[in-house]
Amino acid sequence: MALPPSTANWHWKNKNVTPWAKDWLKRELTTLSVTGDKEGESVSISEVTSVEGDVELGQRKSKLLTIFDCDVRMRWSGTTSTGDEVKGTLSIPEVSHEIICDGLSDFVFNWVLETASNAEVNAIYKLARTQLQSAIETKLSTLPGSIIATHSKDIHISGTSTPVSGTATPTPAAAKAATPLGAKKAAPETTKGVNTTTVTVEPTFQASADDIYSLLTDEKKIPAWTRNAAVSQAKPDTEYSLFGGGVKGKYVSLTPGKEVVQTWILQSPTWPSGHAATLTTTLDQGSDSTKVTFSLAGVPLGMEDEIRRNLEGYYVHGFKSIGYVPISVSRPVHSSSSRSRSSSPRQKRSSKNGAATLQEETLPPPPSLFFPAAIIGTLVLVAALAVPLLTSSSTPIPPRST
């Protein structure tokens, strides 16, 4: 007997969106272009020559899942500071859900330079392998959200749960990667007809608040962790641009070493046109580290996972790439052998709300050594008394006759 549509849809349903995804990749990747430090330097994706693979949108128990694995090949071109043209090819053998959504591995970029090498050409080739590559990664990260935004209405019938682009059950690698970061969601809000919520990420860095503030606002320092050109005057009511134009907005207020408030607009098909969120970054410096709170209010419902990955991947891991490693403060575990076992705490693991924590458990006192010592002492005493008795009861040796 066939299941009712609502029941069947609750268990599993798929939609093949491969033709749409190929068109999306060809259209979106060819919009990417970056400029170099010297006047006239630029590089862009000129053509996507092939996309091989499958792309699907699935539903499992009312949760939407993106399923894709593609081999993408393209041509790129650039212009040197002297006006000469530079050409080459690029292949990305794996553009997959596991890389973008689960973070199980990194993209592999196979760059080929077809133009004869010289100093100016090499500068463009380097620009392609750094800034253009970063722009491609940023664009590809929006693919899962675009699939859901475009096709969810055709597959998401039953229930009212929020579509997600990640897996139904996070993989161990993805869970591990997210361990030092906190991601919180506030109650839904409504902004200009768009249902929104707030996504918060709270890493802690072993650095001063002033250093982190400078990295967030100084136009000359921002490219170190974004791997892209930036525009930032760090003054209220001035515009800024990050990740080669992937994120834009205006500064609202700035308190050096304490807080940055700015409007935040993602340049992506999944982001509602004309909609701006507000990113409030607060810096709380401790004795040897600084807690950074990225709180983005106004995130459209359904984009929470995508935006959280963007904050963690491009902000937090961007800092990590230049040596600002996220840390988590935990209770030290002492293992010195000079401490008395009877007073040493033992650490045991417990789980609360899915997070591993450490708890102290006092070890029971060691067994007393009194009774074994008493027994040994008694045996020694008995042996000492027995020796004279045995000696006195033995037969005397007769004297030697002369």
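I began from the criterion that the rings of Phe, Tyr and Trp, with the six-membered ring taken for Trp, pair if their centres lie within 6.5 Å. Working on a predicted model, I then looked up which residues make up an aromatic cluster, and I noted that Phe205, Trp225, Phe243, Phe294, Tyr314, Tyr315 and Phe319 form one. For the structure as a whole, I recorded 12 aromatic pairs.

I turned next to the pair of tryptophan 76 and tyrosine 125, which is stacked, with 6.0 Å centre to centre and 5° between the planes. I located tryptophan 76 in strand β4 (residues 63–79) and tyrosine 125 in helix α4 (residues 119–140), so this pair ties together parts that are 49 residues apart in sequence. I also checked accessibility, where buried means under 20% relative accessible area: tryptophan 76 counts as buried because its value is 1%, and tyrosine 125, at 17%, is buried as well.

Then I looked at phenylalanine 205 and phenylalanine 319, whose ring centres are 5.4 Å apart and whose planes stand at 55°, so I entered the pair as tilted. This pair links distant parts of the chain, with phenylalanine 205 in strand β10 (residues 204–205) and phenylalanine 319 in helix α9 (residues 304–321), 114 residues apart. I found phenylalanine 205 to be buried at 0% relative accessibility, and for phenylalanine 319 I likewise noted a relative accessible area of 0%, which is buried.

Returning to tyrosine 125, I asked which charged end sits over its ring. I found that of arginine 129 there, 4.3 Å from the ring centre.

Conventions
Residues numbered from 1 in each chain as written. Predicted model: local features only at pLDDT ≥ 70, side-chain atom pairs only at ≥ 80, totals over all residues. Heavy atoms only, no water. Phe/Tyr/Trp six-rings, centres within 6.5 Å; stacked < 30°, edge-to-face > 60°. Helix = DSSP H or I, 4+ residues; strand = E, 2+ residues; numbered from the N terminus. Buried < 20%, exposed > 50% of the residue type's maximum accessible area, 1.4 Å probe, protein only. Lys NZ or Arg CZ within 6 Å of the ring centre and 35° of its normal.
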